[in-house]
Amino acid sequence: MSATTTDLDIGISGMTCASCVGRVEKALSRLPGVTGVSVNLATERARVAFAGDPDPRAVAEAIENVGFEPQRQDFDLTVGGMTCASCVARVEKALLRVPGVESAAVNLATERAHVTAYAGTVDAARLAEAVEMTGFTAAPVADTESAATAEDPAQDRNRRDLRHVLIAAALSAPLVLGMAGDLLGLNLMLPPWAQFLLATPVQFWLGWRFYRAGFMAARAGSGNMDLLVALGTSAAWGLSVYMMLTAHPGHTPHLYFEASAVLITFVLLGKWLEARAKGRTAAAIRALMQLRPDTARVRRDGVETELPIAQVRVGDRVAVRPGERIPVDGRVAEGAGSVDESMLTGESLPVEKAPGSRVTGGSINVDGLLLVETVAVGAETMLAKIVRMVEGAQASKAPIQRLVDRVAAVFVPVVLGIAAVTLAGWWIGTGNVETAIITAVSVLVIACPCALGLATPTAIMVGTGAAARHGILIKDAEALERAHAITAVAFDKTGTLTEGRPRVTDLVPADGVEDAELLRLAAALQSGSEHPLARAVRDRAAEQGVAAATPEGFKALAGRGVSASVEGRALLLGSKRLIAENGLSDPALEARAAALESAGRTLSWLAETAPERRVLGLVAFGDTVKESARAAVRSLKAQGVETVMVTGDGAGAARAVAADLGIDRVFAEVLPDGKAEVVATLKAEGRVVGMVGDGINDAPALAAADVGIAMATGTDVAMHTAGVTLMRGDPALVAGAIDVSRRTYSKIRQGLFWAFIYNLVGIPLAASGLLSPVLAGAAMALSSVSVVLNALSLRGWKP
């Protein structure tokens, strides 16, 4: 049995390319207890799996040791009940013991605690819980106005980067003008000292970020894009300074200040455009997180009070007026109305809610006043789980990315080697050190590991985000990569292709047995079961006013039925297989059973084994096929995917439903543990199998399939096992999940193709002297931006 692992997510600042990712992963994988590491360049996050308890501080130190900065997050809490300095010390000590907390400062006068933690490792609720464990009260500071007006750090960074781009462009423009004039035969070139004054701030102020990051990489024994840019532009700037200082009086040498300044300007522009595009890839997560209101109107002791959402507890009753978002997961206690769940499930039509109906936080109460009893808050709400699943998918690494990582690990050293060979070759071949240096500079600046590092994660971010908007949650990048190759989809019948709400359609008693007696005994056997067929029998008994007796010795027989003793009679109720296993049969009922099965009915046989041994009759059930099931099968066939139905029903009923839907292949009378065997059979035939189910008994098959696809209308066990979760019980979304996976994988391949081709073509052109440093820099900046923009074209995807 494998040991339990715990995942730790942490944000990282300062990564610029795939080789940075490799350095961080290498450093983190060396930590004691670490069993797996996945670093995502696009989200700037790392997911670290520990065999035991995670150690955020060790992770943060490892990140800092390789030259990057673990992202930090500030929390402010109100703390009640403190009376003296020792209380302050107790609270601070409790907060500092929470894994992930870097520092904590508590102010007795203001009754506030300010906590700095590594981003992603802890949340406000966990901090408040730690304080409450010491005997004080705590809650996140509720400052709606500041929350609404707070600037996103990424937006601040983007504005600063744009400012730097504009300043660099303004300083470089006169240099470019002189170069353009020279090409046109006009003498617009500035004096050497003026060129020096314009280029130097660009090189060492605006370009300082490249020196800092490049130095950190070099110190860690690695290299990155920043190192290449710093080396290349420094060489051009240094050569220009040398030629300016050694020029003969009266002679104006050919300088390359414009090359170094424009190179840095282009790279800064590319980084700004890339950051903006990357920001748009996270739009789906931001949209989901903005669904939850900050406050809730809680009714306690008949009084309504508006409280911060963090102070709402399970069991609280929350009033929701028409037009408001529902702030918690709960059940409608009072009132009725329709609720818009489109942002969570992709279902465009509002859903009617009545007392007892489940509602999900983040959905909109369209009409009617609802009083909702809270059943989940904070991290346990469906919205929080969706956000975690989408974030997890976006933070995960696709198998194809591992190949890219191996390339990226050697990319910068190889480029440095090519640049050194280029320098030596041109110097020896032409005897002109100036030409040799400028050609080597072109090689350094055209090489772009960024495009390689961004191709996969950006496509995954956009693809999973687009899927989430339409009710398709993809668990991780591996599931997405496998889903694109699916060639066969196996459906569980009940609750997946059908509504899962069967009703009794026929009661067929054996000779000497009355309908009412058959129904009374069947209802008694089903009185303790929550199976859909059991509920259908009880509902029919209630409709006809039949009182069920109390069973004794009730036993569920997996995949076969149930047994119990009723009024001293040993009874069985279940499949024909169960009856046959007990050596019972009734030829008179066989013909009627065959006719019912051919009409698509599911049958349960009732038999007595003591004191008499005989078949008492059969109960037939009908279940409505979902309206979208036929369209789902047609869509899958259009994609070239084979459709399979797996069910515990009899062969006749299964074939009737399959024929109605147009399903290619049927496996009937399959026991719960046999569903996984069916999946194994399909895989052995060379198919890539997707299994669609919704119940606990589907979990083994979902796990055995190449991709498990669970209906969110089913059980948590099924959802946990599956790689893809469909937020509404619509089988047509299965084709949508495969389609978005195929399109996303296509974008990944396109991005990687262009990234590899760009470097394979660009570096030889630069080494042969056919590209100037300025053109090389522009091409390098364009490559990263184009890869991200190509991935962003997925944002408009619809199933």
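In the predicted model, valine 761 is found in helix H28, which spans residues 732-767. This residue contributes to a nonpolar surface patch of about 380 Å², made by Leu760, Val761, Leu765 and Leu770. Valine 761 has a relative accessible area of 44% and is therefore partly exposed, since that class lies between the limits of 20% and 50%. Helix H28 also holds a salt-bridged pair, aspartate 739 and arginine 743, which lie 4 residues apart, about one turn of the helix. The side chains of aspartate 739 and arginine 743 meet at 2.9 Å, N to O. Arginine 743 counts as partly exposed, at 45% relative accessibility.

The count of salt bridges in the model comes to 30. Another of these contacts is found in helix H17 (residues 477-483), where arginine 482 and glutamate 478 are 4 residues apart and therefore separated by about one helical turn. The N to O distance in the salt bridge between arginine 482 and glutamate 478 is 3.4 Å. Arginine 482 is partly exposed, with 34% relative accessibility, and glutamate 478 is likewise partly exposed, with a relative accessible area of 34%.

Salt bridges also link Glu517, Arg520, Glu567, Arg569, Glu608, Glu612 and Arg614 in a network. Within this group, the side chains of arginine 614 and glutamate 612 meet in a salt bridge of 3.9 Å, N to O, a value that satisfies the criterion of a nitrogen within 4 Å of a carboxyl oxygen. Arginine 614 has a relative accessible area of 28% and is partly exposed; glutamate 612, at 45% relative accessibility, also counts as partly exposed.

Two members of the network, Glu517 and Arg520, have residue numbers that fall in helix H19 (residues 515-525). Of the 11 residues of helix H19, 8 are buried, so the helix is largely enclosed by the rest of the structure. The buried residues of H19 are Leu518, Leu519, Arg520, Leu521, Ala522, Ala523, Ala524 and Leu525. Arg520 thus appears both among the buried residues of H19 and in the salt-bridge network.

Strand E21 (residues 552-557) is hardly covered, as the count of buried residues among its 6 residues is 0. Strand E21 runs antiparallel to strand E22 (residues 561-566), and 4 bridges join the two. In this pairing, alanine 556 has valine 562 of E22 as its bridge partner.

An open sheet of 6 strands is arranged in the order E10-E9-E11-E17-E12-E15, with antiparallel pairing. Strand E10 (303-308) and strand E15 (358-359) stand at the edges with a single partner strand each, so one side of each is left without a neighbour in the sheet. The partner of E15 is strand E12 (residues 329-334), to which E15 is joined by 2 bridges in an antiparallel arrangement. Two bridges are also the minimum for which strands are taken as paired. Across this pairing, arginine 331 stands opposite arginine 358 in E15. In general, the strands of a sheet pair through backbone hydrogen bonds, either parallel or antiparallel.

Definitions and conventions
Residues are numbered from 1 along each chain as its sequence is written. This is a predicted model: local features need pLDDT of at least 70, side-chain atom pairs count only at pLDDT 80 or more; totals for chains, interfaces and linings use all residues. Side-chain values use heavy atoms; hydrogens and water are left out. Buried means under 20% relative accessible area, exposed over 50%, partly exposed in between (1.4 Å probe, protein chains only). Patches are made of residues with over 30% relative accessible area and no salt bridge: like charges are joined within 9 Å, nonpolar side chains (Val, Leu, Ile, Met, Phe, Trp, Tyr) within 5 Å. Accessible areas come from the Shrake-Rupley method with a 1.4 Å probe; for residues, only the protein chains shown count as cover.
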